[in-house]
Each structure stands twice: as structure tokens, then as C-alpha cells.
Amino acid sequence: MWLQFMQGMDGSHLREVLYMKQKVKLKGHLKAYLQTTLILGILLILVNAGIYFLNIKAGICVSGFLLVYLVAMLTLLYRNRPVIMNEFINFATQYGQIQRTLLWDLELPHVLMDDDGRIIWMNAAFERVIHKEKGYCKPIATVFTSVTKDKLEFEQDTEMEIAYEGHEYVFRMKRISIKDVLDNSEVVESAGNENFLIAGYLFDETALKRAQRDRDEQSVAVGMIYIDNYDEALESVEDVRRSLLMALIDRKINKYIAAIDGIARKTEKDKYLVIMRKKALMNLKETRFELLEDVKTVNIGNEMAVTVSIGVGVDAPTYAQNAEFARTAIDLALGRGGDQAVVKSPDSIVYYGGKSQQIEKNTRVKARVKANALQEIITSKDKVLIMGHRLADADAFGAAVGISCIARALGRKPHIVINDITTSVKPLVELFRDRNIYEDDFVIGSTEALEIADSSTVLVVVDVNKPSITECPDLIRSCRTVVVLDHHRQGSEVIESATLSYVEPYASSTCEMVAEVVQYIAGTVKVRSNEADCMYSGIMVDTNNFTAKTGVRTFEAAAFLRRCGADVTRVRKMFRDGAREYKAKAETVRNAEIYRNAYAMGICPSEGLDSPTEIGAQAANELLGINGIKASFVVTEYNGKIYISARSIDEVNVQIIMERLGGGGHMNIAGAQLTDTTPERAVFVVKETLNQMLEEGAI
């Protein structure tokens with residue numbers, strides 16, 4: 001093989017490789033064969049010595065013969081050694097020439113490189129691929145830019161994919177040690193050298209890749225389209241025009257799907273099943289599901305624009321699993337407020353749209369149904385644990401207090417799980433610790449909660465549906481029965497084991513939802529004044545004093561709590577800021593940067609503050625008061641993490657922005673947490689995310 005490589009090179013390359021000056025000598029069976037005469041001569045000398053003991057005259061005769069034999073053999077050995085070596089070299093040359101011809105004419109492109117990646121030799125097939133003539137000795141990176149020097153530093157055989165002039169190749173490389181080649185030779189051996197060569201082979205897989213892509217593009221994707229506000233849209237138009245409105249919507253959907261060579265079939269009055277190819281789905285992704293905006297243009301006098309939600313399942317191993325993916329995707333789209341598309345595959349979930357606010361439902365049927373289900377679950381268990389998210393705020397604690405009222409009315413002892421009592425929650429917690437009617441274990445930590453949890457315990461999770469950011473994620477796994485009540489839009493991470501899930505993104509706060517549920521529990525649930533204060537404060541904080549995300553049902557819930565004894569003045573006094581907190585908020589607003597004339601960016605100082613994240617959230621709300629600001633982002637450093645508070649009024653969906661950073665929330669109120677970074681770097685990341693989403697048309 002080594003001779004084969006040598007003869008395949010031109011003179012200059014050969015000299016460069018031979019510059020290593022290998023020391024060559026005979027070895028192996030050949031060496032032993034040529035030394036046989038000497039070995040036999042030594043054996044005869046020993047035999048001759050033995051003959052002398054038997055007969056001196058015979059020994060003298062054998063010695064004479066032995067002398068002549070040794071002289072003749074040594075003369076022939078040393079005189080014929082060059083001739084023998086020349087014959088071997090001629091044989092190796094002829095054999096190598098045959099091998100070289102075969103390798104040169106081999107249809108598989110083959111190249112030989114040195115350890116720096118410089119081309120030493122290549123066969124005709126490789127020359128045809130790269131369109132270079134014989135003698136091209138530049139680095140391989142000048143031809144294949146992806147084959148950089150660091151890619152050549154491998155120990156075992158390696159391969160990589162290369163795209164070149166419309167073809168797709170697999171480039172396999174093998175390291176060849178010069179020392180090993182010479183050591184394995186039966187003719188020569190070397191004095192040792194650690195240099196090596198790299199042999200590369202190109203396998204053209206263009207046709208295979210194209211066939212795989214075609215097969216992938218022709219695979220089936222299953223979709224579901226739901227009309228979000230079917231009943232509300234019909235009620236907003238005259239009776240005689242209702243059938244026309246639905247006909248226009250139906251035509252819009254069918255025409256949209258038919259344009260991509262798909263099939264849409266109406267399964268219910270407001271639901272469609274869609275079958276299409278994956279290639280068509282890729283086109284929909286590129287246009288970011290234009291149907292979401294097109295359907296809103298249907299207007300025949302209806303006061304309310306029609307919105308749809310789309311869920312698509314793709315890349316599953318079976319059609320049935322694709323349909324299940326589509327169902328999961330449509331549930332996510334509806335749980336996030338509708339007016340958006342969700343594409344689910346085995347590896348990822350991608351969201352599109354979600355730019356409009358969800359319409360508040362006037363009916364309370366769902367709240368009544370959930371209240372009845374919650375009552376049955378609590379009465380079937382002995383213990384009740386209530387948990388919110390980490391760094392609990394007024395909404396999380398107020399909702400927990402509301403659930404505790406229900407548990408108490410049903411004869412069950414409630415426990416609220418809180419680890420760190422923040423500044424905003426501390427005044428509320430004190431309301432319960434100062435009263436003799438509440439036991440010491442009304443508010444407990446995670447350790448105590450894990451000791452209480454067993455098969456007869458129901459866990460109620462409030463104001464959060466993401467298990468990783470709850471007060472105690474292990475508690476979810478410890479309790480078999482889990483209930484979720486939340487008003488945040490769902491993301492890809494959800495509490496999957498929930499026995500009852502009541503997630504309504506239209507609600508202003510979880511306290512609003514709990515206040516409605518309390519009213520539908522069988523019997524009378526007595527809500528004390530301090531408990532009403534907690535729930536009222538949750539609504540007040542999440543709505544920014546009833547100025548954001550406030551609907552009719554929000555005021556009805558507030559009115560119910562007011563009748564239960566909530567005092568607006570008392571709640572307002574509890575949530576006044578201290579001097580340091582107020583100054584920090586003012587400092588954040590004063591130093592805020594206006595980015596792209598529409599986005600306010602600020603860094604909230606955290607030194608000396610007990611709960612800087614809350615001050616950052618308040619500062620984000622204040623920045624929305626600046627004329628022309630579409631969204632605000634305030635970054636706060638706390639406990640080694642960077643917290644981002646995002647706020648908007650109506651033009652920008654800050655939830656999908658925060659989801660790009662691993663967070664979530666509402667369309668108008670969202671947040672995210674970053675680790676291993678600085679506030680300045682976090683601001684830069686937010687800017688880059690905004691730039692990217694603006695270029696994509698996502699916001």
C-alpha cells in the first residue's frame with residue numbers, strides 16, 4: 001500500500017514525503033530466509049566440533065569442507081544482496097503499478113492528504129469532482145470550505161456531510177500512520193516516525209438524500225381548525241346574515257386548504273379536520289399561517305371579527321399519532337387564547353400568531369362545572385395542599401386563600417405551601433398569623449408539605465401551570481390527585497397529571513377565577529374579611545388597579561369580594577411602597593432606553609431591596625405610560641438570576657417574546673428568567689430577540 005501511494009505521486013510530492021528519510025532494512029520471513037545459510041553454517045561448526053571427539057582425521061576433512069562452504073556462502077550472500085533487493089523492488093514496483101492503476105481508475109473519488117490537510121495525491125474520479133488537474137497540492141479547505149483543519153484532528157475514522165456544486169457527499173476520512181504501514185510491511189522496516197497521512201473517500205448520496213426529502217415531503221400531516229368565537233360572532237350579526245357569514249368563513253377555510261393541495265372536512269359547526277402533505281405544511285409555515293389574518297377580513301356587518309385556532313401534528317411514526325399530536329396542538333392553541341397556530345412534532349412545539357386578545361366569555365357555565373368537579377375531588381380526600389409559583393405574589397397567595405375557604409367549608413383542613421415570603425405577600429400572610437382562628441400549620445414550607453402528602457391528599461396548584469416553577473415540583477409527583485387553576489396561557493410544559501385543569505387566559509387573575517368558583521360551591525362558603533382582602537388584592541395587582549385586562553366578570557368578582565368584607569382602603573395601604581423601593585422604581589424609569597422608538601428597556605437596581613423583581617414589574621408598568629411605547633422590558637438581578645418583566649397594552653404580544661427566552665405569561669404581562677448572564681447582557685438578548693421576531697413578522 002505504501003509503495004502504491006508513492007508511485008501515485010509526482011516527483012515533487014514524492015520528494016516531500018521521502019524527506020522524512022526513512023531507514024529501510026530487510027525484515028520478517030525474508031530476512032530469516034536469507035540468513036538460513038549462516039545459521040546452517042553455525043550448526044555445521046558445532047557438528048564439526050563433535051566429530052573431533054570421535055575421529056580427528058574426519059574432523060579435519062569436515063573442517064576443510066566447512067571452510068569452503070562458509071567462504072562460498074558469504075561471498076554469494078554479500079555479492080548477490082543488491083541483486084536480490086533490486087529484484088524485490090522490481091516486483092514491488094510492478095505490483096504497485098498494477099495497484100496504482102486500479103486505484104487511479106477507481107470510480108470512487110479518493111484523495112490522499114498530509115496531516116495539515118494539503119492534497120498529496122488524488123485519483124481521476126476525485127479530479128472530476130473538484131475540477132482540478134493533476135498536481136493540485138493546495139489544502140483541501142480551498143475546495144471544501146467546511147473541511148477545516150480542526151476537522152482533521154480526529155483519532156478514529158470520521159465522516160462528514162459536504163454540499164458541493166449541487167451534489168451532496170459523505171466525506172469519510174481515515175488516518176494512516178506511516179510508521180504502522182512500514183512496520184506491517186513484509187519487505188522493509190523503519191526506524192520509527194510518528195507522521196501520518198489522511199485518506200479521504202467521497203460517497204455521492206445526492207440521489208439518496210433527494211429521495212429521502214421527497215419521501216419526507218410527501219408524508220401526511222394532520223390538522224384541526226377551530227373557530228374560536230363561533231357563537232359570539234353569530235350573535236353579533238343579523239339573523240338573516242348568519243348563514244351567509246358561516247358560508248363565507250367555510251369558503252375561506254376550504255379555499256385556503258385547497259390552495260396547498262390539502263383536504264378540509266367540516267366535522268362540527270365550528271370544527272374542521274385537515275389532511276395535507278408535509279411539503280404543504282412547510283409552505284404554511286413560511287407564510288406564518290395567513291389564514292389567521294385572512295379569516296378576520298370576513299365582515300358582513302358582524303361587530304366581532306372571527307378568529308380561528310389551528311393545530312397540526314406531523315412527523316409521528318403513525319397516522320393515529322399524528323392525529324393525537326394535532327389534538328394536543330389545538331388544545332394548546334385554545335389554552336393560549338386562540339387566534340394562533342401550533343405545530344407539534346415528536347421533538348418540538350412551534351407557535352404562530354397569537355396577536356389578538358382572547359374574548360371574555362359571558363357565560364359562567366364552565367365555572368359552575370369546574371366548581372362542582374372541584375367539590376367532588378376535595379370531598380373525596382382527607383387533606384388539601386395548596387401551592388402557587390416560586391416567589392409568590394398577591395394573586396398566587398390570594399387564590400390559595402380562596403381555595404382554603406372552599407376546603408374549610410367542605411370540612412377539610414387546608415395547608416398553603418410557601419417557601420420564601422416576599423415583601424408583597426408578607427402583609428397578607430401576617431393577616432393570618434395574627435388571628436387565633438388560624439393554626440400554625442396554615443402556611444407551611446415544602447419540607448412539611450412533602451411529609452403530609454400521600455394518596456389521600458389533593459394538591460391544588462394556583463396561578464401557574466408550569467411544573468418547573470412551582471414552589472415544590474416534587475410535590476406534584478408525590479400527590480396522585482392534582483388540580484390546576486390558572487389564568488396564564490399554556491406553553492409546551494404543562495402539568496400533565498392533573499385530574500382537573502381549569503385554565504382560562506381571558507381571566508384577569510386567578511383570584512377572579514377562584515372568586516367565581518367559590519360562588520358555585522354547594523352550600524355557603526364563608527369568606528372572612530381578611531380572606532376577601534387577599535383575593536381582592538390579587539385582582540388589583542394583576543390588573544394594575546383595574547386598568548389592564550379587566551372585563552365584566554372582573555368587576556363582578558370584585559363586587560362579590562366587596563360584599564364579603566374586602567376593604568379597598570385597607571388593601572391599598574398594605575401595598576404602599578417603601579422609600580427605597582419607590583426611588584429604585586423612579587431610577588429605573590429615569591434611566592430607561594427607548595429602543596426602535598417603540599420599546600422601553602430598563603435595568604432595575606436590586607441593592608438594598610427585599611423584592612426587586614416586584615419593583616421591576618411595577619417599573620415596567622410605569623414605562624407603558626410613555627407616549628408611543630408598545631412594550632416595556634425591565635431587567636432585575638436577584639439571587640444570582642436575571643428576571644425580565646415584560647408589559648404591553650395591546651399592540652405587542654409579549655408572551656411570545658418571553659417564550660423565545662424560555663419564559664411565558666399573558667399577551668400583555670409576561671416574564672422570563674435567565675441564568676449565567678448580566679443585566680446588560682440580558683437587555684442585549686431582548687433586543688436581538690425583538691430584531692429577529694420583527695424580521696420574521698412574528699410581532
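Select residues 110–114 and 196–204. These are strand 2 and strand 7, and they pair in the antiparallel sense over five bridges. Keep in mind that this is a predicted model. Now pick Val111 in strand 2. Which residue of strand 7 is the bridge partner of Val111? The partner is Gly200.

Stay on strand 7 and add residues 167–177. That range is strand 5, which pairs with strand 7 in the antiparallel sense over nine bridges. Label Lys174, then look across to strand 7. Ala199 stands opposite. Strand 7 therefore appears in two antiparallel pairings on this stop: with strand 2 and with strand 5.

**A salt bridge inside a helix**

Next, select helix 10, residues 239–258. Show the side chains of Asp239 and Arg242. The two form a salt bridge, with the closest N and O atoms 3.1 Å apart. Why can you find both ends along one helix? Asp239 and Arg242 are three residues apart in helix 10, so about one helical turn separates them. In general, side chains of opposite charge can pair when their charged atoms come close. To put this pair in context, the structure holds 29 salt bridges.

**A hairpin**

Move on to residues 340–344 and 349–353. These are strand 12 and strand 13, an antiparallel pair with five bridges. Strand 12 and strand 13 form a hairpin, with four residues between them. For a marker on the ladder, pick Val343. Its bridge partner in strand 13 is Val350.

**First helix pair**

Select residues 510–519 and 552–563, which are helix 19 and helix 21. Two packed helices are described by the angle between their axes and the distance between the axes. Here the axes come within 9 Å and cross at roughly 60°. That angle makes helix 19 oblique to helix 21. The crossing of helix 19 and helix 21 is left-handed.

Now show the contact residues. On the helix 19 side, display Glu512, Ala515, Glu516, Val518 and Gln519. They meet Arg553, Thr554, Ala557, Phe560 and Leu561 in helix 21. Colour this contact of helix 19 with helix 21 by class: five residues are nonpolar, two polar and three charged.

**Second helix pair**

Go to residues 579–590 and 612–623, helix 23 and helix 24. What angle do their axes make? They cross at roughly 45°, and the axes come within 9 Å. Helix 23 is therefore oblique to helix 24. Helix 23 passes helix 24 in a right-handed crossing.

Turn on the side chains here too. Glu581, Ala584, Lys585, Thr588 and Val589 belong to helix 23. Facing them in helix 24 are Ile615, Gln618, Ala619, Glu622 and Leu623, which they meet in the contact. By class, the contact of helix 23 with helix 24 counts five nonpolar, two polar and three charged residues.

**Last stop: a mixed sheet**

Finish on an open sheet of six strands. Trace the order 20-21-22-23-25-24; the pairing is mixed. Where are the edges? Select 593–595 for strand 20 and 664–665 for strand 24, since these are the edge strands and each pairs on one side only.

Then step inward to residues 599–604 and 631–638. Strand 21 and strand 22 run parallel, joined by six bridges. Pick Ile603 and look over to strand 22. Val635 stands opposite.

Note on methods
Residues are numbered from 1 along each chain as its sequence is written. This is a predicted model: local features need pLDDT of at least 70, side-chain atom pairs count only at pLDDT 80 or more; totals for chains, interfaces and linings use all residues. Side-chain values use heavy atoms; hydrogens and water are left out. Axes are lines fitted to C-alpha atoms, for helices over the stretch in contact, and angles run from 0 to 180 degrees between N-to-C directions. Angles under 35 degrees count as roughly parallel, over 145 as roughly antiparallel, 65 to 115 as roughly perpendicular and the rest as oblique. A crossing is left-handed if the near helix is turned anticlockwise from the far one by less than a right angle, and right-handed if clockwise. Contact means heavy atoms within 4.5 Å. Ala, Val, Leu, Ile, Met, Phe, Trp, Tyr, Cys and Pro count as nonpolar, Asp, Glu, Lys and Arg as charged, and the others, Gly among them, as polar. A salt bridge is a side-chain nitrogen of Lys or Arg within 4 Å of a carboxyl oxygen of Asp or Glu.
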